[in-house]
Amino acid sequence: MFLVGVNGIEISESYEIVNSKVFVEIRFDNVNNLELVIPSSYENLEVSSEYSIVDYEIESVLFVDSARDLSIKYISGSFVDRSGDKYFFVLRDQFEVSDIKVYLPEGAVIDYNLGVFPNNGKIGSDGRRVIVEWDNFGGDEILISYEFLDNDRIFYYIIGLLVILFVGFYFYNKKKTKRVEKKKDHGKKEEEKEVNESVEKEL
């Protein structure tokens, strides 16, 4: 993979996984002599500037002479692999530095047996999907392993989460109660000490 004319350019990449397809959007603030490699399996290509493209067997190369606020969108199934009930998003990045966001499908969770590589990706959510993002990513490859939770597993996942919360709440309250009792005992001892000192003075 190769890229020409993007040194010092702000680049953001977005990858939204829907079933086995990935909706890709790459944005540049300014480019000159851009040569961008994309999968030859691309569909619904949209480019916000004049361009040309050369298709090869495995990859295609998209050319843009010059553009500002350039947006390139397409759909491809080349980023997702599957092995049994495990799914793998694999991105071989071709930019020196870029901001990257990957949206997992709805109902998918990260499989922490393999997890996320590089592991400095920030993991969050928009309330429906897990989102993994890297700021100023300068590596060569990204790998995210994920899986889908069926209804039974979601049920046990929620139960497990509730149990953890309950146990944590129980021990927190127990610790708090002990602290209060200790404080009361200390207060009683202080009162007894004051009473004894007062009696001794009277004697």
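What share of the 203 residues in the protein chain is buried? I looked this up before anything else, and buried residues make up 33% of the 203 residues, where buried means under 20% relative accessible area, exposed means over 50% and partly exposed lies in between, with a 1.4 Å probe and protein chains only. I keep in mind that this is a predicted model, in which local features need pLDDT of at least 70 and side-chain atom pairs count only at pLDDT 80 or more, while totals for chains, interfaces and linings use all residues. Residues are numbered from 1 along each chain as its sequence is written, and side-chain values use heavy atoms, with hydrogens and water left out.

**Entry: secondary structure**

I counted one helix and 13 strands in the protein chain, taking helices (H or I, at least four residues) and strands (E, at least two) as DSSP runs numbered from the N terminus. Reading from the N terminus on, I wrote the order of the elements down as β-β-β-β-β-β-β-β-β-β-β-β-β-α.

**Entry: aromatic pairs**

I noted for myself that a pair of aromatic rings is described by the distance of the centres and the angle of the planes. The rule I used pairs rings of Phe, Tyr and Trp (its six-membered ring) if their centres lie within 6.5 Å, and it counts planes under 30 degrees apart as stacked, over 60 as edge-to-face and the rest as tilted. By this rule I arrive at eight aromatic pairs. One of them joins Phe28 and Phe95, whose ring centres are 5.8 Å apart with the planes at 85°, so I entered the pair as edge-to-face. Since Phe28 sits in strand 2 (residues 21-39) and Phe95 in the loop between strand 7 (86-92) and strand 8, this pair ties together parts that are 67 residues apart in sequence. I found both Phe28 and Phe95 to be buried.

I then turned to Tyr87 and Phe148, which form an edge-to-face pair at 5.2 Å centre to centre, with 85° between the planes. This pair also links distant parts of the chain, with Tyr87 in strand 7 and Phe148 in strand 13 (residues 141-148), 61 residues apart. Tyr87 counts as buried because its relative accessibility is 16%, whereas Phe148, at 31%, counts as partly exposed. I also noted that ring pairs link Tyr15, Phe79 and Phe89 into a cluster.

**Entry: salt bridges**

How many salt bridges does the structure hold? I recorded 10 salt bridges, each being a side-chain nitrogen of Lys or Arg within 4 Å of a carboxyl oxygen of Asp or Glu. Glu106 and Arg128 form one of them, with their closest N and O atoms 2.5 Å apart. Glu106 lies in the loop between strand 8 and strand 9 (108-110), and Arg128 in the loop between strand 11 (122-125) and strand 12 (130-137), so the pair ties together parts that are 22 residues apart in sequence. At 48% relative accessibility, I class Arg128 as partly exposed.

Lys122 and Asp135 meet through their side chains in a salt bridge of 2.8 Å, N to O. Here Lys122 belongs to strand 11 and Asp135 to strand 12, so I marked the pair as a link between distant parts of the chain, 13 residues apart. With a relative accessible area of 44%, Lys122 is partly exposed, and Asp135 is partly exposed with a value of 44%.

A further salt bridge joins the side chains of Asp126 and Arg129 (2.9 Å, N to O). Asp126 counts as partly exposed at 34% relative accessibility, while Arg129 is buried with 15%. I followed the contacts outward and found Glu16, Glu106, Asp126, Arg128 and Arg129 linked in a network of salt bridges.

**Entry: backbone details**

I found the peptide bond from Phe117 to Pro118 to be cis, with omega near -5°, and I placed Pro118 in the loop between strand 10 (116-117) and strand 11. Which sign does phi of Asn44 have, positive or negative? Phi of Asn44 is near 50°, a positive value in a residue other than glycine, and Asn44 lies in strand 3 (residues 43-47). Asn44 counts as exposed because its relative accessibility is 56%. Phi of Asn136 is near 55°, again positive in a residue other than glycine, and I located Asn136 in strand 12, where it is exposed with a relative accessible area of 57%.
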